[in-house]
Every structure is written in C-alpha cells, then in structure tokens.
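Work through the exercises below with the model open. Each one has a task and a stepwise solution.

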Amino acid sequence: MKHILQTGQICCYDSKGREIPCIGSGQDGEYRAGEPWPEVRFAAEGEVVRDHLTGPVWARDANITGFPVSWPEALTQIARLNAEGYGGFHDWRLPNRRELRSLMSYQARKPSLPSGHPFTNVFLGWYWTSTSAAIHPAYAWYVHLEGARMFYGGKDQYYLFWPVRGAGNGLLPITGADCCFDVSGAEIPCQGSGQDGEIQAGASWPQPRFVASDAAVIDRLTDLVWARVADATGQTVTWDEAHAAIQRLNREGYGGIVRWRLPNINELESLVDCRFHSPALSAGHPFVQVREAYWSSTTSYFETDWAWVLYLHKGACGVGHKPGKTFHVWLVAALAETA
C-alpha cells in the first residue's frame with residue numbers, strides 16, 4: 001500500500017470500550033494497514049527531531065513562542081525563525097494537515113504522540129496547519145494534541161504552531177490545496193505566503209487518480225480499492241453493525257471481492273482533496289451515493305467506546321460513539337488482495 005501510514009493502533013476494543021482479541025475483529029488493530037513505523041522513529045539532533053518514517057525535520061520544542069497566536073501570526077513567526085536561522089536552518093514552514101496528522105499515534109493520548117517521542121513542551125491543545133478549510137476559507141485546519149482530532153478554526157483565533165522543514169521522503173501525499181486565502185477568506189496570491197497552496201509539500205497524485213469499474217474504484221495513489229457505491233448499508237448504522245455488514249458482503253462476494261474491510265482513519269482521510277467540500281473529494285470523482293460521514297475501523301484511544309469518523313463534507317477527522325446508529329459504511333480492500 002502506497003502513501004498511507006499505519007495509525008499506530010495495535011489493540012482492539014468492543015463497543016463498550018473493553019479490550020478484545022484482534023483476530024477476526026476486522027478492526028484497525030488486526031489489519032494494521034499502511035506503512036509500518038520504524039523501530040526508532042524519531043532521532044533528536046540538538047534543537048530538531050528527524051522523523052525516520054516520513055523524512056521531514058521538526059522543531060524539538062513544540063511550543064517555541066510559549067503562547068498561542070493567530071494563523072497569520074504563526075506564518076509571521078515562521079518567517080522570523082527563518083530570518084534568525086533557528087536550529088541552524090532557514091527553511092522552516094508551517095506543516096500542512098497531512099504532515100501534522102502524520103505525527104499522531106492512535107494508541108496514545110495526552111499527548112497523542114508515539115510512545116518515547118523526544119519532543120518537549122507539547123501542549124494538549126490545538127495546533128495550526130498551513131491548510132485553509134475549503135468549506136470556510138477564513139478558517140484553517142488544526143490538530144488537537146490531546147486526542148488527535150482534526151477540525152478547523154477561525155484564522156483570527158489563537159492556537160499553537162509547530163515548525164517543520166524538509167521535503168520528506170515522498171511517503172506523504174499532497175493535500176490537494178492549490179490556492180491561498182487571507183484571514184477574511186479572500187483568495188490571495190500564493191507566492192511568499194507560506195501556505196499549503198504555495199508549498200504543496202508531498203507526493204503528487206497520479207493522473208487520473210481513480211480508475212472505476214462497475215462495482216469498484218482503484219485509487220492509483222494508494223493502491224486501495226474502494227466500493228464505487230459509497231454506502232454499503234444504505235443507511236446509518238452502529239459500529240458493530242458496520243463490521244457485521246462487511247462480513248455478510250464478503251460472504252456474498254460483493255463486487256467480486258471477498259476481502260472488503262472497514263477502512264482505518266488514515267485510509268479514509270487519504271480520499272480528501274482539500275480544494276473541495278460537500279464532499280471533500282476531487283472534482284469528477286467516480287463515486288456514487290456519497291454520504292456526509294463514515295465509520296473507520298480505528299478506535300478512539302481517548303475513549304475506547306468511541307471510534308474515529310471521517311466527516312467527508314468537511315474533510316474533518318472526529319469521533320463517534322460506537323453504539324450510536326449514526327454513520328455510514330464505505331468498503332475498502334487492498335489492491336494486492338483483489339487480484
């Protein structure tokens with residue numbers, strides 16, 4: 001599988017939040033789909049930390065300014081760090097939403113960072129990304145370090161920022177953002193803005209990205225196969241009902257595939273194109289019956305009777321209570337397992 005990171009989740013939990021054996025559960029902790037993490041993921045080098053999984057270098061101090069700032073102020077502070085040569089470098093930037101999410105471990109909380117990480121001054125709050133929210137361009141995406149949620153906030157609000165530098169190793173794909181917006185949401189020239197739309201860090205998407213058949217769609221970026229009908233149950237279901245429906249569809253050989261599963265939260269998020277909203281999918285995508293929000297197979301480690309959800313109209317990553325009949329099901333399979 002390409003351009004997808006493992007979430008870090010290695011345990012499985014039922015709808016009451018109790019840990020259960022992973023074998024046969026269909027959960028993220030059983031499949032652990034995505035690029036595995038190296039045994040030693042982070043290497044501290046003075047004031048910076050190199051991520052051996054994705055390649056970029058992060059500031060070791062996760063709260064350099066010591067106080068929250070607005071989104072424009074975060075970009076200005078990054079420019080100041082570059083002028084001063086912080087850590088011996090002059091190419092710091094604000095991470096895009098995929099870069100900041102890549103630090104998250106879904107088997108950790110308070111903070112939601114991998115065990116043994118070398119970072120200092122980690123604040124259990126929101127951190128800005130360089131990616132504007134397509135649904136509200138006066139807002140930008142941010143990630144909460146207490147539990148890994150990703151949503152968006154007004155650019156005139158005050159949160160922390162975490163500088164990153166380096167192009168990475170190509171494992172993370174671009175977000176799709178290609179425009180830049182000021183604090184009011186007005187489009188501005190990207191040159192010199194420091195925004196995601198200017199830098200577009202990450203691996204480019206193949207063209208065309210999606211190849212569709214009657215029942216399935218191959219994503220050539222990730223080598224995942226998605227059901228073309230993006231609503232396997234035709235209605236909202238509980239998390240347990242989602243897993244049961246997938247088992248039934250596999251017995252029936254839906255679409256000629258018998259290895260469908262519930263995607264983990266990183267797999268679901270990989271579908272998001274940050275240029276669009278309602279849904280946050282690329283223009284001309286081949287999917288039908290696209291719904292507003294989808295269950296993932298990833299349990300919320302913050303509260304294990306909850307699971308991660310992709311809110312596709314917005315492109316946000318939040319959580320839902322497993323017993324609630326509240327979200328839809330989108331089938332996924334690995335391309336290598338469908339031949």
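**Exercise 1. Charges over rings**

Task: In this predicted model, find which ring face Arg-261 lies over, and which one Arg-209 lies over.

Solution:
- Step 1. Start from Arg-261. It lies over the face of Tyr-31, 5.4 Å from the ring centre.
- Step 2. Apply the distance cut-off. CZ of Arg must be within 6 Å of the ring centre, and 5.4 Å for Arg-261 and Tyr-31 satisfies that.
- Step 3. Turn to Arg-209. The ring here belongs to Trp-205, with 4.7 Å to the ring centre.

**Exercise 2. A second partner for Arg-209**

Task: Which side chain makes a polar contact of 2.8 Å with Arg-209, and is that residue buried or exposed?

Solution:
- Step 1. Find the partner. The side chains of Arg-209 and Asp-219 are joined by a polar contact of 2.8 Å.
- Step 2. Place Asp-219. It belongs to strand S13, residues 216-219.
- Step 3. Check exposure. The relative accessible area of Asp-219 is 0%, so it is buried, the limit being under 20%.
- Step 4. List the surroundings. Leaving out residues up to four places away in sequence, Asp-219 touches Arg-209, Phe-210, Leu-224, Trp-226 and Leu-271.

**Exercise 3. Aromatic pairs**

Task: How many aromatic pairs does the model have? Classify Phe-89 with Trp-92, then Trp-128 with Tyr-159.

Solution:
- Step 1. Count. There are 21 aromatic pairs.
- Step 2. Take Phe-89 and Trp-92. Their centres are 6.2 Å apart, with 85 degrees between the planes. Angles over 60 count as edge-to-face, so this pair is edge-to-face.
- Step 3. Compare the exposure of the two rings. Phe-89 is partly exposed at 25% relative accessible area, whereas Trp-92 is buried at 3%.
- Step 4. Take Trp-128 and Tyr-159. The values are 5.1 Å centre to centre and 75 degrees between the planes, again edge-to-face.
- Step 5. Locate this second pair. Trp-128 sits in strand S6 (residues 126-133), and Tyr-159 in the loop between strand S8 (150-154) and strand S9 (164-165). They are 31 residues apart, so the pair links distant parts of the chain.
- Step 6. Add burial. Trp-128 is buried at 0% relative accessibility. Tyr-159 is buried too, at 16%.
- Step 7. Look for a cluster. Ring pairs connect Phe-42, Trp-58, Phe-119, Tyr-127 and Trp-162.

**Exercise 4. An open sheet**

Task: What is the strand order in the open sheet of 4 strands, and which strands stand at its edges?

Solution:
- Step 1. Read the order. It runs S3-S4-S5-S9, with antiparallel pairing.
- Step 2. Find the edges. Strand S3 (42-45) and S9 each have a single partner strand, so one side of each lacks a neighbour in the sheet.
- Step 3. Examine one pairing. Strand S4 (residues 48-51) and strand S5 (residues 57-59) are antiparallel over 3 bridges.
- Step 4. Match residues. Val-49 stands opposite Trp-58 in S5.

**Exercise 5. The setting of Ser-15**

Task: Where is Ser-15 found, and which residues does it touch?

Solution:
- Step 1. Locate it. Ser-15 is in the loop between strand S1 (12-13) and strand S2 (19-20).
- Step 2. Check exposure. Ser-15 has 13% relative accessible area and is buried.
- Step 3. List contacts. Not counting residues up to four places away in sequence, Ser-15 touches Trp-239, Asp-240, Asp-305, Lys-322 and Pro-323.
- Step 4. Pick out the polar contact. The side chains of Ser-15 and Asp-240 are joined at 2.9 Å.
- Step 5. Compare chain and space. Ser-15 and His-321 are 306 residues apart along the chain, with 8.2 Å between their C-alpha atoms.

Technical notes
Residues numbered from 1 in each chain as written. Predicted model: local features only at pLDDT ≥ 70, side-chain atom pairs only at ≥ 80, totals over all residues. Heavy atoms only, no water. Phe/Tyr/Trp six-rings, centres within 6.5 Å; stacked < 30°, edge-to-face > 60°. Buried < 20%, exposed > 50% of the residue type's maximum accessible area, 1.4 Å probe, protein only. Helix = DSSP H or I, 4+ residues; strand = E, 2+ residues; numbered from the N terminus. Lys NZ or Arg CZ within 6 Å of the ring centre and 35° of its normal. Pairing = 2+ DSSP bridges. Contact = heavy atoms within 4.5 Å. Polar contact = N/O pair within 3.5 Å; in protein donor to acceptor, adjacent residues only side chain to side chain.
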